[in-house]
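This report concerns the interior of a protein model and the spaces enclosed within it. The sequence and structure are shown first.

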Amino acid sequence: MNYYAIKAIYLYEMSRTYRTISQSLIAPVISTILYFVVFGSAIGSKIENIEGISYGVFIVPGLVMLSVLMQSITNAAFAIYFPKFVGTINELLSAPVSTIDIVIGYIGAATTKSFSIGIIILITAHLIVPLKIVHPLYMLLFLLLTCFAFCSFGFIIGLWAKNFEQLNLVPMLIITPLVFLGGSFYSISMLPVFWQKISMFNPVVYLISGFRWTFFNFSDFSFGVSLLAIFSFAILCNSIIFWMFKTGYKVRN
Amino acid sequence: MKPIISINSLSKTFTSGFNALEKVSLDINKGEIFALLGPNGAGKTTLISIITGITIPTSGSVKVNNYDVIKDPIKTRSLIGLVPQEVAIEPFETVLSSIKFSRGLFGKPQDSLYINSILKQLSLWEKRNTKIIELSGGMKRRVLIAKALSHEPLVLFLDEPTAGVDVELRKDMWGIIKSLKYSGVTIILTTHYIEEAENLADRVGFINNGQISLIEEKQQLINKMGKKTLSIHIQNAIQNIPYKLKKYKLEISNSGNTLTYNYDINSEKTVITALLNDLSKENIKLKDIKSKQSSLEDIFINIVGK
């Protein structure tokens with residue numbers, strides 16, 4: 001393992017975050033506050049409690065997931081797509097670094113960033129609604145694993161994308177609908193039986209359900225299933241990244 | 001001497017079907033400056049990309065310091081510095097952080113003394129805290145060289161290092177390249193500027209259509225393939241070559257005021273003396289004489305033309 005390379009990539013990526021601090025941290029926080037104001041206060045006050053929890057509090061895990069998934073994918077995708085776009089990727093490809101160095105450096109930095117965003121959103125939410133987390137350690141573990149898995153997924157998109165349009169395609173057309181239909185703002189049990197069954201094919205449902213369990217100790221599925229799902233997704237994404245670097249697919253000519 | 005880079009029967013066919021390289025074999029000696037000349041699309045950059053690990057070859061092998069670039073990429077890449085043809089640097093970083101990043105990426109702990117010495121050597125010291133986007137094109141090229149040197153490579157690839165830079169900066173860069181050679185770095189240079197190869201290289205290779213057509217010591221090449229031209233300016237114009245001078249195959253130009261004689265570099269003395277004697281016998285009075293030796297450029301055009 002090339003320790004100095006990992007450090008160089010990680011610090012370089014983090015310095016990009018500091019350079020674009022308003023875009024990186026402030027924007028997702030503001031958009032989350034807007035969600036709280038609109039859904040939590042304005043509309044939420046008209047909705048009855050779910051499992052004894054007020055609607056404003058109920059949507060917190062879903063909102064955190066919504067931001068974290070989008071930020072994880074876009075950050076990690078951009079981190080590797082931008083060097084491709086400006087041509088600096090050749091320096092990385094000609095450097096004595098292994099795939100594991102690249103993964104730890106790039107995906108580690110993107111994970112740090114989206115995990116920080118998740119924590120900041122939680123702190124923001126705590127200032128707006130009375131939030132209590134039943135399983136805080138599980139919450140942190142699950143959040144970290146989710147950030148890592150979706151940063152890995154974003155990294156694949158960044159390697160795969162040929163242009164900015166493709167870069168935005170997956171987050172906008174696939175992830176956003178899956179998250180909105182994955183129970184961010186409602187419990188799956190509130191849906192008619194038919195739509196409950198359809199929802200089971202949406203992988204984000206397990207994610208939000210598991211995350212919600214760490215907050216309220218109840219969920220649509222068991223926490224073990226959710227943990228296994230996100231763990232498997234992380235392994236799948238990283239296997240694809242290793243395969244891409246090994247074969248050179250979309251990486252080397 | 002064992003070569004530091006050994007390329008054996010290297011071929012590259014892109015997915016489009018384009019054959020960029022065809023069975024290229026080449027040895028680069030330790031400590032030399034090797035200039036690779038060739039027209040656009042000849043395969044120069046593809047060859048460099050394979051050696052540096054950016055491109056995967058279709059067949060053949062490349063060894064750097066006896067390590068295979070496919071089997072031992074970590075070992076080979078740590079020995080190589082690359083100054084790419086395209087000026088591609090993260091635009092929003094400062095000069096210093098960009099160079100430090102390169103050193104770390106190539107597995108070296110930070111060394112401020114060494115980095116500072118590079119910055120000073122390349123006249124980048126004053127600009128070390130300037131963002132790349134604010135630099136001129138010439139300065140960006142210097143940053144590329146600094147980045148490539150930041151990890152103290154044994155072998156340095158310079159892919160068209162002076163393309164698009166002004167004459168003054170080019171001469172400056174030549175000075176830098178020469179000083180690198182004296183510090184023991186092996187340099188492989190691709191260039192369009194024949195003058196550059198003529199000025200810097202120990203050996204020259206010509207590549208065209210993905211094949212190496214000639215590799216030779218620069219001076220030997222000029223000696224072997226070079227021709228000399230003797231231009232004789234005469235006082236009174238002539239329209240026809242006198243019969244006794246036909247054997248010299250003189251060419252008349254400049255409305256009969258100039259006679260041109262092409263001759264072999266190794267036998268010029270006797271023939272020129274004889275020619276001048278014969279001109280005198282024919283009562284042709286001389287105004288001026290100039291001789292010119294073929295440059296690498298003439299040789300290059302000759303080879304590429306074939």
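The paragraphs below treat the nonpolar cores, one helix of chain B, the cavities and two individual residues. The model is a predicted one.

**Nonpolar cores**

The largest nonpolar core holds 55 residues, and within this core A:Phe155 and B:Ile5 touch the most other members. Helix α6 (residues 99–128) of chain A makes the largest contribution to this core, with 5 residues. When neighbours within four places in sequence are set aside, the contacts of A:Phe155 are A:Ala76, A:Ala77, A:Ile80, A:Ile102, A:Tyr106, A:Ile107, A:Ile241 and A:Phe245. Separate from this core is a second one of 50 residues, with A:Tyr55, A:Ile59, A:Val68 and A:Leu167 among them. In soluble globular proteins, nonpolar side chains tend to be buried together.

**Helix α3 of chain B**

Helix α3 of chain B spans residues 95–105 and is mostly covered, with 9 of its 11 residues buried. The buried residues are B:Val95, B:Leu96, B:Ser98, B:Ile99, B:Phe101, B:Ser102, B:Arg103, B:Gly104 and B:Leu105. Both chains take part in covering them: the elements involved include α1 (3–19) and α5 (89–93) of chain A, and α4 (112–121) and α5 (137–149) of chain B. After α3(B) comes B:Gly107, which has a positive phi, near 80°.

**Cavities**

A search of the whole structure yields 4 cavities of 30 Å³ or more. The table sets out the two largest by volume and lining.

| Cavity | Volume | Lining by class | Largest share of lining |
|---|---|---|---|
| Largest | about 170 Å³ | 10 nonpolar, 2 polar, 5 charged residues | α4(A), 4 residues |
| Second largest | about 50 Å³ | 4 nonpolar, 2 polar, 3 charged residues | α6(A), 4 residues |

The largest cavity is lined by 17 residues, of which A:Tyr12, A:Pro83, A:Thr88, B:Glu90 and B:Phe101 are the closest to its centre. At least two lining residues come from each of α1, α4 and α5 of chain A and α3 of chain B. B:Phe101 thus appears both among the buried residues of α3(B) and among those closest to the centre of the largest cavity.

The lining of the second largest cavity is made up of A:Glu13, A:Arg16, A:Thr17, A:Asn75, A:Ala79, A:Tyr106, A:Ala109, A:Ala110 and A:Lys113. Here α1, α4 and α6 of chain A each provide at least two residues. A:Tyr106, one of these lining residues, is also in contact with A:Phe155.

**Two buried residues**

A:Asn75, another residue lining the second largest cavity, is found in helix α4 (residues 60–86) of chain A. A:Asn75 counts as buried because its relative accessibility is 10%, and the cut-off for burial is under 20%. Beyond its neighbours within four places in sequence, A:Asn75 is in contact with A:Arg16, A:Ala110, A:Lys113 and A:Ile117. Of these contacts, A:Arg16, A:Ala110 and A:Lys113 also belong to the lining of the second largest cavity.

B:Thr162 lies in the loop between β7 (155–159) and α6 (167–182) of chain B. With a relative accessibility of 1%, B:Thr162 likewise counts as buried. Its contacts, neighbours within four places in sequence excluded, are B:Arg170, B:Met173, B:Trp174, B:Tyr193 and B:Glu196. B:Thr162 and B:His192 are separated by 30 residues in sequence, and their C-alpha atoms are 9.2 Å apart in space.

Terms used:
Residues are numbered from 1 along each chain as its sequence is written. Chains are lettered from A and ligands numbered from 1 in the order in which they are written. This is a predicted model: local features need pLDDT of at least 70, side-chain atom pairs count only at pLDDT 80 or more; totals for chains, interfaces and linings use all residues. Side-chain values use heavy atoms; hydrogens and water are left out. A nonpolar core is a set of buried Ala, Val, Leu, Ile, Met, Phe, Trp, Tyr and Cys residues joined through side-chain atoms within 4.5 Å. Buried means under 20% relative accessible area, exposed over 50%, partly exposed in between (1.4 Å probe, protein chains only). Contact means heavy atoms within 4.5 Å. On a 1 Å grid over the protein atoms alone, a cavity is a set of points where a 1.4 Å probe fits but cannot get out, and a pocket is an open set with protein on both sides within 12 Å along at least five of seven lines; lining residues have an atom within 4 Å of a point. Grid points are joined across faces, edges and corners, and a volume is the space filled by probe spheres set on the points. Ala, Val, Leu, Ile, Met, Phe, Trp, Tyr, Cys and Pro count as nonpolar, Asp, Glu, Lys and Arg as charged, and the others, Gly among them, as polar.
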